[in-house]
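This report describes one structure for a reader who has not met it before. Please have the sequence and the model at hand while reading.

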There are 2 protein chains.
Amino acid sequence: MNKTFMRQAIQLAIDNIKNGGGPFGAVIVKDGTVIATGVNRVTANNDPTAHAEVCAIRQACEKLGSFSLEGCDIYSSCEPCPMCLGAIYWAHLDHLYYGANKHDAAAAGFDDQFIYEELELPSGNRRLKTASLLEEEAKAPFTLWAHHEQRVEY
Amino acid sequence: MNKTFMRQAIQLAIDNIKNGGGPFGAVIVKDGTVIATGVNRVTANNDPTAHAEVCAIRQACEKLGSFSLEGCDIYSSCEPCPMCLGAIYWAHLDHLYYGANKHDAAAAGFDDQFIYEELELPSGNRRLKTASLLEEEAKAPFTLWAHHEQRVEY
């Protein structure tokens with residue numbers, strides 16, 4: 001845990017507002033060095049997935065030439081939303097350090113807390129209208145996958 | 001709800017395995033037309049965020065020149081993981097239709113169910129080591145954001 005890296009994430013968030021982005025920043029650290037940074041470019045780039053953590057993860061993976069960030073830590077200026085927390089799990093980061101929390105984000109007008117609450121509901125009770133369709137046919141890719149010798153697991 | 005679109009998502013998943021990707025596909029539909037497709041390229045592109053739904057959302061937003069997909073539906077060959085479900089909320093899609101479910105995905109070796117369970121735990125109880133740091137300093141970007149007249153909300 002290193003305050004310098006968190007301060008860098010916070011400063012990225014501040015600078016990003018001036019650059020037309022959202023108030024979020026993140027850095028990824030490996031062996032005591034920042035290897036990637038990210039800021040929120042959702043509205044600037046017309047990309048709802050361009051949150052600071054997702055951008056930093058994509059940049060770090062590109063830099064390392066790997067889909068795994070095992071051995072790396074992420075410092076985020078704010079507690080990750082479910083999308084970003086999911087991305088952190090998929091990237092296999094070792095540690096997550098965050099500054100502000102999801103209640104601070106909600107107070108600033110961001111939906112993180114709402115999405116956390118939605119994910120905990122059964123899909124039929126969510127505000128997002130959801131339905132299952134063709135479940136049996138949709139298992140075919142998994143059957144093929146199980147028999148695919150060249151598959152790369154992650 | 002349209003079975004043709006779901007069958008297209010399933011076929012994308014099948015074809016993607018042959019192209020070195022994971023067994024997942026998705027399509028985004030607006031006004032009865034497929035405007036974007038996505039497949040899982042995590043290992044192929046060294047990008048842990050390159051799930052089918054995230055790729056389709058990014059492509060659809062680029063095509064429409066918008067960070068909102070209001071008025072669009074997503075058909076995914078498999079129930080979205082928390083990362084992708086978060087992305088679907090942030091993109092403001094109208095409907096989610098999925099084929100296989102998260103238990104099918106778990107049986108095929110994917111961590112979706114594990115990540116759902118982790119997200120429901122308090123952060124101190126998760127396998128991902130998590131800590132809060134400099135919370136007060138980290139509120140500064142939100143304070144600046146509140147006073148930033150050119151901010152674009154989403």
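In chain A, among contacts between residues at least 6 apart in sequence, 44% join residues at least 24 apart; two residues are in contact if their C-beta atoms, placed from the backbone, lie within 7 Å. The model is predicted, so that local features need pLDDT of at least 70 and side-chain atom pairs count only at pLDDT 80 or more, while totals for chains, interfaces and linings use all residues. Residues are numbered from 1 along each chain as its sequence is written, and chains are lettered from A and ligands numbered from 1 in the order in which they are written.

**Chain A in outline**

Chain A has eight helices and five strands. Helices (H or I, at least four residues) and strands (E, at least two) are DSSP runs, numbered from the N terminus. Along the sequence, the pattern of chain A reads α-β-β-α-α-β-α-β-α-α-β-α-α. Its C-alpha atoms fill a box of roughly 50 × 40 × 30 Å, taken along the principal axes. Of the 154 residues in chain A, 48% are buried. A residue is buried if 20 or more other C-beta atoms lie within 10 Å of its own, exposed if 12 or fewer, and partly exposed in between, with C-beta atoms placed from the backbone.

**A sheet shared by two chains**

An open sheet of five strands has the order 2(A)-1(A)-3(A)-4(A)-5(B), and its pairing is mixed. Strand 2 (33-39) of chain A and strand 5 of chain B stand at the edges with a single partner strand each, so one side of each is left without a neighbour in the sheet. From one strand to the next, the twist averages 20°. Strands of a sheet pair through backbone hydrogen bonds, either parallel or antiparallel. Two strands count as paired if DSSP finds at least two bridges between them. The table lists pairings in both chains.

| Strands | Bridges | Sense | Example of opposite residues |
|---|---|---|---|
| Strand 1 (residues 25-30) and strand 2 of chain A | Six | antiparallel | A:A26 and A:G38 |
| Strand 4 (residues 95-100) of chain A and strand 5 (residues 129-132) of chain B | Four | parallel | A:L96 and B:T130 |
| Strand 1 (residues 25-30) and strand 3 of chain B | Five | antiparallel | B:V29 and B:D73 |
| Strand 3 and strand 4 (residues 95-100) of chain B | Five | parallel | B:S76 and B:Y98 |

Strand 3 (residues 72-78) of chain B is mostly covered, with six of its seven residues buried.

Helices of chain A lie across this sheet. Helix 1 (residues 3-18) of chain A lies across strand 1, strand 2, strand 3 (72-78) and strand 4 of chain A, and runs at about 145° to strand 1 of chain A. Helix 3 (residues 52-64) of chain A lies across strand 1, strand 2 and strand 3 of chain A, at about 135° to strand 2 of chain A. Axes are lines fitted to C-alpha atoms, for helices over the stretch in contact, and angles run from 0 to 180 degrees between N-to-C directions.

A:A56 belongs to helix 3 of chain A. A:A56 counts as buried because it has 32 C-beta neighbours inside 10 Å. Leaving aside residues up to four places away in sequence, A:A56 touches A:A26, A:V27, A:I28, A:A36, A:T37, A:G38 and A:I74.

**Helix packing and the chain contact**

Within chain B, helix 3 (residues 52-64) and helix 4 pack at an angle of about 20°, with their axes 8 Å apart. Helix 3 of chain B is therefore roughly parallel to helix 4 of chain B; angles under 35 degrees count as roughly parallel, over 145 as roughly antiparallel, 65 to 115 as roughly perpendicular and the rest as oblique. In this pair, B:E53, B:V54 and B:I57 of helix 3 meet B:C84, B:A87, B:I88 and B:A91 of helix 4.

Between the chains, the axes of helix 4 (residues 82-91) of chain A and helix 6 (residues 112-120) of chain B come within 11 Å and cross at roughly 125°. Helix 4 of chain A is therefore oblique to helix 6 of chain B.

The whole contact takes 71 residues from chain B and 71 residues from chain A. Helix 4 (residues 82-91) of chain B gives the most to the side of chain B that touches chain A, with nine residues.
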